[in-house]
Amino acid sequence: MAALALPSVASARDGIEVLTGTGLGSFFELWGMSRNGRFLFGVTDGGAGNYRSWIYSNGTYSLVPAFADPTLQTSISAINDTGTVWVGYGQFQGPNNVTGHAIRYADGVFTDLHTGTAFGPGGSLQNYNESFATAMSADTNVVAGFAVSDLGIRQAFRWTQVTGTTGLGFLSGYRSSNASAISADGTTIVGYVGDPPSGGFSYQAMYWTAATGMVGLGSLPTAPGQNSFANAASANGSVIVGNAVADSAGNYHAFRWTQATGMQDLGTLPGGVWSSASAVSADGAIVAGISNDAPLNTGPMFAFRWTQATGMQKLSDLLAARGISPGPGMVLGAAKAMSADGKITIGDLTDQNRVLQGYYIARCQSVICQGLTTYDQMASSYAGQSAVGQTANAAIGGTLGTMQEYATQAYQTQGSRSTPYSVFGYGAYDSDPIASGTLGLTADLPFGLVAGFSASANYVKTDMVNNGNAKMFGGAVGAFIARTPNTGLQWLLGGSLIALTGDITRGYLNGVTPTSSTGSASGNGYGATARIGWGFAVLPQVTVTPFASYTFAETRFGGYGETNGVFASNFDDFISTSQVSRVGGDVRYTFAPNSWVWGTAAWGHRLDSGKGANITGTLVDAQFAFTSPGLSSARDWAEVGGGVRLPAWTNGAVTASVTASLTPGQVVTYVSRLGISQTF
């Protein structure tokens, strides 16, 4: 066999390569693959209509040497990760007819495995004249297969350099056994037993180890006593996959077996009735096979990929999420083999009518292939990030609102006192939720003006889709100038700066299972507000103040990367803005000197239609970018609230207020504030 150049270690790339066997003749079949996915093998016409295997690697096909007669069959069933050792079946001309033996090829030398005491008188394989090697351990030192007697009865066997070939016998009540696969460590052989002496056709999945001998796996609970077949095993043999009858109609379902769970029905693709598992990853977490998604014998068959988290999914759906397709009308059909890491799958490429068009190598090596998602699901989770900006803007609005409340409701006007300065402290909680603590200072200015400065500590928590959330901490500073007499023209201008940092946990679905990815982010923003009103003394102790206000806020969050989760992403910078107008009125009732209660009602409107920032990000490993329009918040809502101011000590007062926001079809949210002030 010509030397094969080994490709470099697989990079994280996704794609589909189509094999058509160009140059190998008109007959071409794909049979299997090495555990690392570097070497593929199959058969072509070796002469006189007999199979001759080829090995494919890095774009090159090579025919294997003939075991005996070049016109007779020499075929591979398993190959190692360097392409230098393989096992299979080799034909030769016997005394009376053509027959074949299990063979092992290593470094240019064939070994006939159909030798030894097991085939001699009294041996476990006496009168077994033909044999096939079907599987090989990762280190190439253990081979599994089956031998066929002159009566056509099969018996599974195991071969090692030390023991030679040994028959594994049968399960009680059965008279044939077949080895289909072997664990990478060589300890566990899996397959099936069948042909009970009572007649009929009955098969049961089995495994064999040196410690246990042959053990039956039974059947699915939904079809007790019905057929089952084991087709593959994990690296240590603890997970076995195959197919078994699942219902009274005789439909087969893929199964996954462990000692703890027994035979677990993996079901079918949605709408399907039939499936079969052909491969399992080294760690037993990923299963590959074939399933339909329509009634039996209608529509194409699809390669599937299964994990506990995602359930059964079409392999083509995973690749489609990366923008990769097998081509118009083409289907990724039966999965024949999967690499040990679960990232490379090979199988039949068919049309919609199940007609074979070639074979595929599906490389799904990026992070996207660790689970199942869709463009819509990723877009939804990305869009949810925009809520962080919306809440940050609300925090700016809250800081401005605290200053505005103090200036218009809690502040004692100059005409009723002789102290030109005041200090105030506020604690505020927004059920969205936002919590803040604010300290401020004011000074009287000429012409009835007052100027103020504040500093705040903020905690901002944002709830997002699929149980995601952001928890941000930071601080804000603000300043205002106002004229707020009890009656007559009132106005206020204010501004604020904010800085936030914290963790953002993005929630999304991995298949049907909620999961998340987390990253650390920081942002900063600014805002401004303007309010104008006119106070009317409608009664000696009652004033009414119609008002209008405008508030602008903008927050910029820097790009950040998530560090965990199956679909971790890197996000670009984004800017979130909001523009809110309010029209309403305040009513104040002064019931004692420097003591009053107030009520307020207003209609709020988002001048920017409530649209959140667009979010752009890239899946960390897959380099697949999404841009999602931001979520929109309510455009219109009503606000009602009230508060009280009470003197508490000399030149000191306590205020408390609560405001409810009522949005049609949404949960009512509240902002509550508790403050103290001191003039001097």
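The following paragraphs lead through a four-stranded sheet, a pocket, one buried residue and two loop residues of a predicted model.

Residues are numbered from 1 along each chain as its sequence is written, and side-chain values use heavy atoms, with hydrogens and water left out. Since the model is predicted, local features need pLDDT of at least 70 and side-chain atom pairs count only at pLDDT 80 or more, while totals for chains, interfaces and linings use all residues.

The sheet is a suitable starting point. Its 4 strands form an open, antiparallel arrangement in the order S18-S19-S20-S21. Strands are DSSP runs (E, at least two residues), numbered from the N terminus, and two strands pair if DSSP finds at least two bridges between them. Strand S18 (228-233) and strand S21 (262-267) are the edge strands, each pairing on one side only. On average, neighbouring strands of this sheet are turned by 30° against each other, direction ignored; the axes behind this angle are lines fitted to C-alpha atoms, and angles run from 0 to 180 degrees between N-to-C directions.

Strand S20 (residues 252-258) pairs with S21 in the antiparallel sense over 5 bridges, and one bridge links Arg 256 to Gln 264 in S21. The hairpin of S20 and S21 has 3 residues between the strands. Strand S19 (residues 240-245) is joined to S20 by 6 bridges, again running antiparallel, and Ile 240 has Trp 257 of S20 as its bridge partner. The hairpin of S19 and S20 has 6 residues between the strands, and Gly 250 there takes a positive phi near 85°.

How enclosed is S20 by the rest of the structure? Because 7 of its 7 residues are buried, S20 is largely enclosed. Here buried means under 20% relative accessible area, exposed over 50%, and partly exposed in between (1.4 Å probe, protein chains only). From S20, Tyr 252, Ala 254, Arg 256 and Thr 258 point one way and His 253, Phe 255 and Trp 257 the other way.

Ile 182 lies in strand S14 (residues 176-182) and counts as buried because its relative accessibility is 4%. Ile 182 and Ala 233 are 51 residues apart in sequence, yet 6.4 Å apart in space, C-alpha to C-alpha. Not counting residues up to four places away in sequence, the contacts of Ile 182 (heavy atoms within 4.5 Å) include Arg 35, Met 136, Val 142 and Ile 189.

S14 and S18 also help to line the second largest pocket, and among the other strands that each supply at least two residues are strand S2 (28-33) and strand S26 (331-338). The lining has 43 residues, of which Ser 77, Ser 180, Asn 231, Ser 278 and Lys 336 lie nearest the centre of the pocket. A pocket is an open set of points on a 1 Å grid over the protein atoms alone, where a 1.4 Å probe fits, with protein on both sides within 12 Å along at least five of seven lines; lining residues have an atom within 4 Å of a point.

Two loop residues complete the account. Most residues other than glycine have a negative phi. Asn 466, in the loop between strand S31 (449-463) and strand S32 (469-483), has a positive phi near 55°. Asn 651, in the loop between strand S42 (636-649) and strand S43 (652-662), has a positive phi near 60°. Asn 466 counts as partly exposed because its relative accessibility is 30%, and Asn 651 counts as partly exposed at 45%.
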